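Student: I have a model open on my screen and I'd like to learn how to read it. Can we go through it together?

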Amino acid sequence: MKKYLYDYINKIDEIINNKKVNKDIIDNHLIKIGFFQHERLIHLLVTLSYAFLFLIFFALGYLHYLFFIPTALILILLICYIIHYFHLENGVQYLYKQYDKLKELT
């Protein structure tokens, strides 16, 4: 998803730099923004779920030390999801800026 997002961002940046903007490009850009917003929402929910699971297993680790093993694994996945969500969030916010530039060029 990260590669797809950044490839699309580069494509739109190229269109903006060449000033070849039309209504179809703007309409398509709004549709893509909607897709990426949906993806961002799903990844937010998954990230929050992993954070909740981490807290549960961390608390259970005080009952029995073996719960700290899945806690460590969940923490690794949580960190990966946070990094992925960070890139997705920043990419979608950049799409908003691109939309504003596209509107200025029309």
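**Reading helices and charged pairs**

Tutor: Let's start with one residue: at 40% relative accessibility, Asp 7 counts as partly exposed. Keep in mind throughout that this is a predicted model.

Student: Which residue does the side chain of Asp 7 meet in a salt bridge?

Tutor: The general idea comes before the case. Side chains of opposite charge can pair when their charged atoms come close. Here, Asp 7 pairs with Lys 3, at 2.8 Å from N to O. Lys 3 counts as exposed, with 62% relative accessibility.

Student: Where do Asp 7 and Lys 3 lie?

Tutor: Both are in helix 1, and four residues separate them in the chain, which is about one turn of the helix.

Student: How many salt bridges does a search of the whole structure find?

Tutor: It finds three. Another one joins Asp 27 to Lys 23, where the closest N and O atoms are 3.1 Å apart. These two also sit four residues apart, about one turn, but in helix 2, which covers residues 23-60. Asp 27 is partly exposed at 33% relative accessibility, while Lys 23 is exposed at 57%.

Student: And which residue does Arg 40 meet in a salt bridge?

Tutor: Its partner is Glu 89, with 3.3 Å from N to O. Arg 40 belongs to helix 2 and Glu 89 to helix 3, so this pair ties together parts that are 49 residues apart in sequence.

Student: Is Arg 40 buried or exposed?

Tutor: Here the cut-off helps: buried means under 20% relative accessible area. Arg 40 comes out at 16%, so Arg 40 counts as buried. Glu 89 has 19%, so Glu 89 counts as buried too.

Student: Okay, on to the helices. How do I describe two packed helices?

Tutor: You give the angle between their axes and the distance between the axes. Try that on helix 2 and helix 3: their axes come within 8 Å and cross at roughly 160°. That makes helix 2 roughly antiparallel to helix 3, since an angle over 145 degrees counts as roughly antiparallel. The crossing of helix 2 and helix 3 is left-handed.

Student: What kinds of residues make up the contact of helix 2 with helix 3?

Tutor: You'll find 28 nonpolar, seven polar and four charged residues in that contact. We can zoom in on His 43, a residue of helix 2. With a relative accessible area of 13%, His 43 is buried.

Student: Which residues does His 43 touch, not counting residues up to four places away in sequence?

Tutor: With those sequence neighbours left out, His 43 touches Tyr 81, His 84, Tyr 85 and Leu 88. Now look at Tyr 99 in helix 3. Tyr 99 is partly exposed, with 21% relative accessible area. Leaving out residues up to four places away in sequence, Tyr 99 touches Ile 26, His 29, Leu 30 and Ile 33.

Student: How far apart are Tyr 99 and Asp 27 in sequence and in space?

Tutor: They are 72 residues apart in sequence, yet 9.7 Å apart in space, going from C-alpha to C-alpha.

Student: At what angle do helix 1 and helix 3 pack?

Tutor: Helix 1 runs over residues 2-18 and helix 3 over residues 68-105; they pack at about 20°, and their axes are 10 Å apart. That makes helix 1 roughly parallel to helix 3. This crossing is left-handed. The contact of helix 1 with helix 3 holds 11 nonpolar, four polar and three charged residues.

Student: Which residues of helix 1 and helix 3 meet?

Tutor: On the helix 1 side they include Leu 5, Ile 9, Ile 12 and Ile 16. On the helix 3 side, Leu 88, Gly 91, Leu 95 and Leu 102 are among them.

Student: One more thing: where is Lys 19 placed?

Tutor: Lys 19 is in the loop between helix 1 and helix 2. Check its backbone angle as well: phi of Lys 19 is near 55°, a positive value in a residue other than glycine. At 61% relative accessibility, Lys 19 counts as exposed.

Methods:
Residues are numbered from 1 along each chain as its sequence is written. This is a predicted model: local features need pLDDT of at least 70, side-chain atom pairs count only at pLDDT 80 or more; totals for chains, interfaces and linings use all residues. Side-chain values use heavy atoms; hydrogens and water are left out. Axes are lines fitted to C-alpha atoms, for helices over the stretch in contact, and angles run from 0 to 180 degrees between N-to-C directions. Angles under 35 degrees count as roughly parallel, over 145 as roughly antiparallel, 65 to 115 as roughly perpendicular and the rest as oblique. A crossing is left-handed if the near helix is turned anticlockwise from the far one by less than a right angle, and right-handed if clockwise. Contact means heavy atoms within 4.5 Å. Ala, Val, Leu, Ile, Met, Phe, Trp, Tyr, Cys and Pro count as nonpolar, Asp, Glu, Lys and Arg as charged, and the others, Gly among them, as polar. A salt bridge is a side-chain nitrogen of Lys or Arg within 4 Å of a carboxyl oxygen of Asp or Glu. Buried means under 20% relative accessible area, exposed over 50%, partly exposed in between (1.4 Å probe, protein chains only).
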